[in-house]
Amino acid sequence: MKRTTVFVRSLADRSKDVPMSHSSRAFYTSSNGDRWLVVKVGERDEIFVRHEPNRASGGQPSVVDIETFMACRPGSPEGKALIDLLDQLRSEQDREGMDRLGDR
């Protein structure tokens, strides 16, 4: 199993190196309007979870690595939705790999 460095950064901490143009994919929206997205950041395409609180709460968006997100919310609806998304992406990646093998 590959070990990763665990760290938490607020969006303000990464404002200089997190252009909004990086790719992201929403994976859960709560009933109160909070949203969670998977975001690729930086030159190495590191993957993080971005939380965008609903406007009424006045909260600030935050970005955490996937390991920290899952450690804090393993059984939550957003945690389950992330697992579902990662499973879906893995299946897509596996299919693409099989397609490439068939092209040889």
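This passage describes the strands, helices, cores and side-chain pairs of a predicted model. Residues are numbered from 1 along each chain as its sequence is written, and side-chain values use heavy atoms, with hydrogens and water left out. Because the model is predicted, local features need pLDDT of at least 70 and side-chain atom pairs count only at pLDDT 80 or more, while totals for chains, interfaces and linings use all residues.

Helices and strands are DSSP runs numbered from the N terminus, a helix being H or I with at least four residues and a strand being E with at least two. Two strands pair if DSSP finds at least two bridges between them. Strand 2 and strand 3 run antiparallel and are joined by five bridges, with Ala 26 opposite Leu 37 of strand 3. The hairpin of these two strands has five residues between the strands, and Gly 33 there takes a positive phi near 100°. Strand 3 also pairs with strand 4 in the antiparallel sense, over seven bridges. In this pairing Leu 37 stands opposite Arg 50 of strand 4. Four residues lie between the strands of the second hairpin, where Gly 42 has a positive phi near 80°. Residues are called buried under 20% relative accessible area, exposed over 50% and partly exposed in between (1.4 Å probe, protein chains only). Five of the seven residues of strand 3 are buried, so strand 3 is largely enclosed by the rest of the structure.

A nonpolar core is a set of buried Ala, Val, Leu, Ile, Met, Phe, Trp, Tyr and Cys residues joined through side-chain atoms within 4.5 Å. In soluble globular proteins, nonpolar side chains tend to be buried together. The largest nonpolar core has ten residues: Phe 27, Trp 36, Val 38, Val 49, Val 64, Phe 69, Met 70, Ala 81, Leu 82 and Leu 85. Strand 3, helix 1 and helix 2 (77–102) are the elements that give two or more residues to this core. Helix 2 supplies the largest share, three residues. Contact is defined as heavy atoms within 4.5 Å. Leu 85 touches Arg 25, Phe 27 and Val 38, when residues up to four places away in sequence are not counted. Apart from the largest core lies another core, of five residues, including Val 39, Val 41, Phe 48 and Val 63.

Rings of Phe, Tyr and Trp (its six-membered ring) form an aromatic pair if their centres lie within 6.5 Å; planes under 30 degrees apart count as stacked, over 60 as edge-to-face and the rest as tilted. Two such pairs are found in the whole structure. The ring centres of Phe 27 and Phe 69 are 6.1 Å apart with planes at 85°, so this pair is edge-to-face. Phe 27 belongs to strand 2 (residues 24–29) and Phe 69 to helix 1, so the pair ties together parts that are 42 residues apart in sequence. Both Phe 27 and Phe 69 are buried. The pair of Tyr 28 and Trp 36 is tilted, at 5.7 Å centre to centre and 50° between the planes. Tyr 28 is partly exposed, with a relative accessible area of 24%, whereas Trp 36 is buried at 6%.

A salt bridge is a side-chain nitrogen of Lys or Arg within 4 Å of a carboxyl oxygen of Asp or Glu. The structure holds three salt bridges. One of them joins the side chains of Arg 35 and Glu 52 (3.2 Å, N to O). Arg 35 lies in strand 3 (residues 35–41) and Glu 52 in strand 4 (residues 46–52), so this salt bridge ties together parts that are 17 residues apart in sequence. Arg 35 is partly exposed, with a relative accessible area of 31%. Glu 52 also forms a salt bridge with Arg 50, with the closest N and O atoms 2.8 Å apart. Arg 50 counts as buried, at 10% relative accessibility. In the salt bridge of Arg 73 and Glu 78, the closest N and O atoms are 3.4 Å apart. Arg 73 is partly exposed at 30%, and Glu 78 is buried at 11%. Shared partners join Arg 35, Arg 50 and Glu 52 into one network of salt bridges.

Helix 1 (residues 66–72) contains Ile 66. The C-alpha atoms of Ile 66 and Phe 48 are separated by 5.6 Å, although these residues are 18 residues apart along the chain. Leaving aside neighbours within four places in sequence, Ile 66 is in contact with Ile 47, Val 49 and Leu 82.
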